[in-house]
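Biologist: Got a minute to walk me through this one? I'd like to start with the backbone and end up at the ligand.

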Amino acid sequence: MSKPVKQMHLAALFPVNHLTVWRDPRAGSQVEFASYSHLARTAERGKFDVFLLADFPRLVEHRAEISDVGVAGQLDQITVLSALASVTNRIGLAATVNATFNEPFDAARRLATLDHLSGGRCGWNVVTTPDAWTGENFRRGGYLPHADRYLRAAEFVDVARILWGSWGSHGATRFHHEGAHFRVDGRFTVPTSPQVYPLTIQAGDSEQGREFAAATAEMIYSRRLGLAGQAFYSDVKRRLARYGRAPEHVKIMPGVSFILGDTDEDARENAELMQRQAVSPQLAIWYLERTWGRDLSAYDPDGPLPDVDPDPEAAPPDWPGLADAAVRLRRVQKWRAFAAEQNLGIRELVMKLTAGRPFIGTPARVAEQMNDYVQSDGADGFVVVPRFAPGGLDDFVDQVVPELQNRGVFRTEYTDHTLRGHFGLPAPSEHLQKALRRTAAGVGSVRTGAAKP
Ligand SMILES: Cc1cc2nc3c(=O)[nH]c(=O)nc-3n(C[C@H](O)[C@H](O)[C@H](O)COP(=O)(O)O)c2cc1C
């Protein structure tokens, strides 16, 4: 028997804090509401499942200064999404709210409010946030090692779900939770929202991240594509059974960009042109300086890579992933070998390193590539990341979406009103019961009782 054809899901990401995205001459403001509303409404016109905002609660710095190669600054997401709720009708609205620096009661209140304001379209991307450097903005520098962040995140989600589930037919019931990270006692202030709780999204791909996703997430925003994406897909889907969940209960959606052309050759030329425009000579040097930890401004961006090694003492506090000198040296050695093999100068190398893996081709070709990847179980859909805002999704919606619809793999109309409904996922009461049972059994303790008048 042949496999049933899978329907694709689509999310649109507002591109922010990206190194190159604002360099496109078509780019508008990253803070004007018109930018957000144009992109969200375009995605809704294309019948996307959800519009997603990422969140990096610290500005990109370079050599201890605000980076001047990109655009700095980003608005608070739940506020933006609440405003978007009034100019959209059907598309889901998802906020990234990290579980490391927030508190469950406050996050649950704001997310439940968005679910009310949007009529059940709220999503919550539960991230753990990569670093202590960000934590300095929260007076928590050095706060929580990697594995503990996931324990806090699991308990955070459980507590939030307890709060969301604490309103019964007679109003708010009293809750009590005591665990390793939280002691919460009281009554939740927001009445039950249309979805009961937001669609839960996860982004992070370590062992703990995958396990956390298998236990709690309904959608995963992944960065893995190609063969690595297929391995990720089967690995995460396999983990679900342990939590009594079916493979279709989590939608795996890698982030992708796209470059279109009238012919495939045109599209390839556009890709080269856009990449050259995005990576200025200044950005190319800046990119290397992050890893080298040295001033490389004397080097010719069109010339070969610096022969000096990275400064082993310069642990750049603004790029914690690169804090280890041995990691930086290994990376430089890899780049040198690659540049030598392909005969690349500095700027050309950086163009290759920052190109990502966009789908490139005619709209029909891009639709075909996306669909092939979904049907071969590399993904359940995609987080489409436009190369600029606000107009960067226009061509995709006008040209690629109809191709997907013609192939019968993407909706032509919304059939539901809630975000969870767009994904065809089970109602949360079932998850809620499990969260309550799990919490009661291990992470903490739950006592609920009817509120005294
Ligand atoms: C695709 C993707 C998107 C992410 N987006 C955010 C984000 O918007 N804000 C944030 O603080 N962390 C974000 N993260 C970081 C994760 O929350 C996590 O802290 C990080 O990936 C380390 O966890 P891991 O080792 O499990 O991947 C993202 C991670 C991935 C893979």
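Modeller: Sure, and keep in mind that this is a predicted model. A handy place to begin is K47, found in the loop that links α1 (33–45) to β2 (50–53).

Biologist: What is phi of K47, roughly?

Modeller: Most residues other than glycine have a negative phi. K47 isn't a glycine, yet its phi is positive. The value is near 65 degrees.

Biologist: And which peptide bond is cis?

Modeller: Most peptide bonds are trans. For the cis one, look at the loop between β15 and α13 (394–406), where P390 lies. Omega there is about 5 degrees, and the bond joins A389 and P390.

Biologist: How many strands does the closed barrel have?

Modeller: Follow the order β1-β2-β5-β6-β10-β11-β12-β15, with parallel pairing and a closed barrel. From one strand to the next, the twist averages 25 degrees. The strand count is eight.

Biologist: Which residue in β15 is the bridge partner of V256?

Modeller: Strand β12 covers residues 251–256 and β15 covers 381–384; they pair in the parallel sense over two bridges. V256 has its bridge partner in β15, namely V384.

Biologist: Which helix lies across β6, β10 and β11?

Modeller: Don't mix it up with α3 (residues 104–117), which lies across β5 (92–96) and β6 (122–126) and runs at about 150 degrees to β6. The helix you want spans residues 207–216 and runs at about 170 degrees to β10. That's α6.

Biologist: Now the ligand: which residue has a side-chain N or O atom 2.6 Å from an oxygen atom of the ligand?

Modeller: There are 17 residues around the ligand, and D55, T128, H146, Y150 and S206 come nearest. D55 doesn't fit your question, as a backbone N or O atom of D55 lies 2.6 Å from a ligand nitrogen. The side chain you're after belongs to Y150.

Biologist: What share of the ligand's own accessible area does the protein cover?

Modeller: Add one more backbone contact to the picture: an N or O atom of D205 lies 2.9 Å from a ligand oxygen. On its own, the ligand has 620 Å² of accessible area, and the protein covers 91%.

Biologist: Last one: how many residues of the shell are charged?

Modeller: Seven residues of the shell are nonpolar and seven are polar. The charged ones number three.

Terms used:
Residues are numbered from 1 along each chain as its sequence is written. This is a predicted model: local features need pLDDT of at least 70, side-chain atom pairs count only at pLDDT 80 or more; totals for chains, interfaces and linings use all residues. Side-chain values use heavy atoms; hydrogens and water are left out. A residue is near a molecule or strand if one of its heavy atoms lies within 4 Å of it. A polar contact is a pair of N or O atoms within 3.5 Å; within protein, one must be able to donate a hydrogen and the other to accept it, and residues adjacent in sequence count only if both atoms are side-chain atoms. Accessible areas come from the Shrake-Rupley method with a 1.4 Å probe; for residues, only the protein chains shown count as cover. Ala, Val, Leu, Ile, Met, Phe, Trp, Tyr, Cys and Pro count as nonpolar, Asp, Glu, Lys and Arg as charged, and the others, Gly among them, as polar. Two strands pair if DSSP finds at least two bridges between them. Helices (H or I, at least four residues) and strands (E, at least two) are DSSP runs, numbered from the N terminus. Axes are lines fitted to C-alpha atoms, for helices over the stretch in contact, and angles run from 0 to 180 degrees between N-to-C directions. Contact means heavy atoms within 4.5 Å.
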